[in-house]
Amino acid sequence: MPGLLGALGLLALVTVLSVAVGAKSISPAVLADALLHYRPDDADHLVIHTLRLPRTAVGLLVGAALGVAGAVMQGLTRNALADPGLLGINAGAALLLVIGISVFGITSLTGYVWFGFAGAAFTALIVYGIGALGRDRATPVKLALSGAAVSAALASITTAIVLTDSDAFDRMRLWQVGSLAGRDAALAGQALPFLIVGAIIAIPCGRLLNALALGDDVARALGQRVGAARAIGALCVVVLCGTATALAGPVAFVGLTVPHVARMITGPDYRWILPYSAVLAPALLLAADVLGRVVARPGEIQVGIVTAVIGAPVFVALVRRRDLAEL
Amino acid sequence: MAALLFCLALSTGAFQIPISGVLDTLAGQGTRRDTFVIMDVRLPRVLVALLAGAAFGLSGALFQSLVHNPLASPDVIGVTMGASAAAVTCTVVLGVVGAAVSASAFAGALATAALIYVLAWRRGVSGYRLVLVGIGVGAVLSSFVSYLMSRADVTSAQAALVWLTGSLNARSYEHVWPLLIGVSILLPAALLLARGLRVLGFGDETARGLGARVETLRLSILVTGVALAAFATAAAGPVPFVAFVAGPIARRLVGERTLALVPAALAGAVVMVASDLVAQRLLGDRALPVGVVTGAVGAPFLLWQLAGANREGRGG
């Protein structure tokens, strides 16, 4: 419990940084003033209210969703390498987004959130369905290969559409990096109901994942309904990943890295791993976002790149560990 | 089959030239116009398709039998992604075109493969670790590519995208020669290594018992496979799925239990030339990059292959 409070403190600190740091430097006094006495005619206040606060809010939502989704995914598949990005969810969301833009002519971000959401759900089902075929269910290697292969397949369809439609291409390449920039408050508000539903589904998941961690047979012997538990977990992943990806674009490695850090703090109990992930993941995401804004001034490096650079070494380290296979 | 497609590819196009005319021209007896169209415009393109297809096919077969996994082709595990990252850097950041892009793609593929190999090394390199590290490295590189694309202006980004898809448009002899040299060195090398590959197929312990130097052997096979993929990517771009489908097609044709390196190379060449023919004709006057066709055909094939491999418990 004190650990969780510490994590929350960390998150609060990063949140403040995310509002305070940016291309335009704004003094803490002005910042406080902007938050307490907002005046729309002041340029600094305007920057904070229309750019940085929504951006930070989106970061918090997306981060929490990715963290919880990653943890549930790892528990569900008993797979240390599960991550919404690596398992192809992003590629699926991207494909449906392109179809939304190119075929249905949707131009607003609020319009194509729905397509990203459907794409994520559909890919999650395909990847897990294929990965879990066969006797030994979804081993890490099988799932990772399914993810990579399905990503490659969907990406080439995406490219085919995009090549014939330069308008869709232009929108797409900006979304595809994974970024928190330019998401307005209305969008965060629209995503919120989905994320709340995801969070509610996540609440019983801690107990269910603990049971699944014992192995299907033991879980069944203890009176656990294994199939139902899986279905609830999967629903949780799809809702959270789909919304997060539609909001921020493909952000890989956050859902992979954070649950491992959480596990190091809490041990194997998912009732603790989930809340820790929900707090630490937005902290990581916002920190990465701030970092991307600071290192490349006056431009910025999108958050998806920064998390990839931070997360990839973790991934390689996990692969090199001997007891990779089971959680 | 490859020879037939070869002639067909030379004979069709904006100017139709009958097959007999093609054969005459190749023998040096053609009319002036036929000679120009065939020797200067179509032949380089078809040669690049043929050779790159063969190199991709052979490379894929080497990877697949080395890792004992039908899914472990160089495009799935991130090697060609390294080529893409380097080439896009060249196009978008440095603004160069032509041979320099090919050279950087080649270097990128080799560097990425070396990185994957080093990261996967832990008292030897096991197949699954190589695949997983490759997927991780590939993920980082692909987000880097997206980043560069988001920075570039639309025109140069779209040019980069055509390259990224794998295209044979406007290929000339400057693309043919390096590829031809590469393939003519690496094909015999691959055939020499085939025996070693078969020994490795018994498992590391047995192979050691038979007197094979397992790590050296694995490294040389890997280097050959990567170099083939690198030459092909440098010439044609990272054409998706050719490396991946060639091996399984070849095995299906000549029987399941053989290595089938030469058939894999031929299958790769056929797939590539045929796909390019389709890509040029599909939308009438608008030529698509060949990678669009191989992607569209390869993707469902891959899913089917994946499902089959997992069902039989060969997936890893």
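The questions and answers below walk through a predicted two-chain model, from confidence to contacts.

User: How are residues, chains and ligands labelled, and what limits apply to this predicted model?
Analyst: Residues count from 1 along each chain as its sequence is written, while chains are lettered from A and ligands numbered from 1 in the order in which they are written. In this predicted model local features need pLDDT of at least 70, side-chain atom pairs count only at pLDDT 80 or more, and totals for chains, interfaces and linings use all residues, with side-chain values taken from heavy atoms and hydrogens and water left out.

User: Which element of chain B has the highest confidence?
Analyst: Confidence is given as pLDDT, the predictor's score for each residue, from 0 to 100. The mean for chain B is 79, and 80% of its residues reach 70 or more. The model as a whole scores ipTM 0.77 and pTM 0.80. Within chain B, the lowest mean is 58, in helix 1 (residues 2-11). The highest is 87, in helix 5 of chain B.

User: How many helices does chain B have?
Analyst: Helices (H or I, at least four residues) and strands (E, at least two) are DSSP runs, numbered from the N terminus. Chain B has zero strands. Its helix count is 13.

User: What share of the residues in chain B is buried?
Analyst: Buried means under 20% relative accessible area, exposed over 50%, and partly exposed in between (1.4 Å probe, protein chains only). Chain B has 316 residues. The buried share is 58%.

User: Which residue lies 59 positions along the chain from A72(B), with its C-alpha atom 6.6 Å away?
Analyst: A72(B) sits in the loop between helix 3 (32-67) and helix 4 (79-94) of chain B. Its relative accessibility is 0%, so A72(B) counts as buried. Contact means heavy atoms within 4.5 Å. Leaving out residues up to four places away in sequence, A72(B) touches F63(B), Q64(B), V67(B), I77(B) and the residue asked for, V131(B).

User: How much area do chain B and chain A bury between them?
Analyst: Buried area is the accessible area (1.4 Å probe) that two parts lose on being put together, summed over both. The contact takes 49 residues from chain B and 46 residues from chain A. Carbon and sulfur atoms hold 71% of the buried area. The total is about 4000 Å².

User: Which helix gives the largest share of the side of chain B that touches chain A?
Analyst: The elements giving two or more residues to this side are helix 5 (99-120), helix 6 (127-151), helix 7 (154-165) and helix 13 (290-311) of chain B. The largest share is 16 residues. That share comes from helix 6 of chain B.

User: How many nonpolar residues are on the side of chain B that touches chain A?
Analyst: Ala, Val, Leu, Ile, Met, Phe, Trp, Tyr, Cys and Pro count as nonpolar, Asp, Glu, Lys and Arg as charged, and the others, Gly among them, as polar. This side has eleven polar and seven charged residues. Its nonpolar residues number 31.

User: How many salt bridges are there between chain B and chain A?
Analyst: A salt bridge is a side-chain nitrogen of Lys or Arg within 4 Å of a carboxyl oxygen of Asp or Glu. The whole structure has seven over all chains. Between chain B and chain A the count is zero.

User: Which residue forms a salt bridge with R45(B)?
Analyst: The pair meets at 2.7 Å, N to O. R45(B) lies in helix 3 and its partner in helix 12 (residues 261-281) of chain B, so the pair ties together parts 231 residues apart in sequence. Both residues are buried. The partner is D276(B).

User: Which residue forms a salt bridge with R55(A)?
Analyst: R55(A) lies in helix 3 (residues 43-77) of chain A, and its partner in the loop between helix 13 and helix 14 (303-320), so parts 245 residues apart in sequence are tied together. R55(A) is buried at 9% relative accessibility. The partner is partly exposed, at 23%. The closest N and O atoms are 2.8 Å apart, and the partner is E300(A).

User: Which residue shares a salt bridge with R293(A) within helix 13 of chain A?
Analyst: R293(A) has a relative accessible area of 5%, so it is buried. The two residues are four apart, about one turn of the helix. Both belong to a salt-bridge network that also includes R55(A) and E300(A). At 3.0 Å, N to O, the partner of R293(A) is D289(A).
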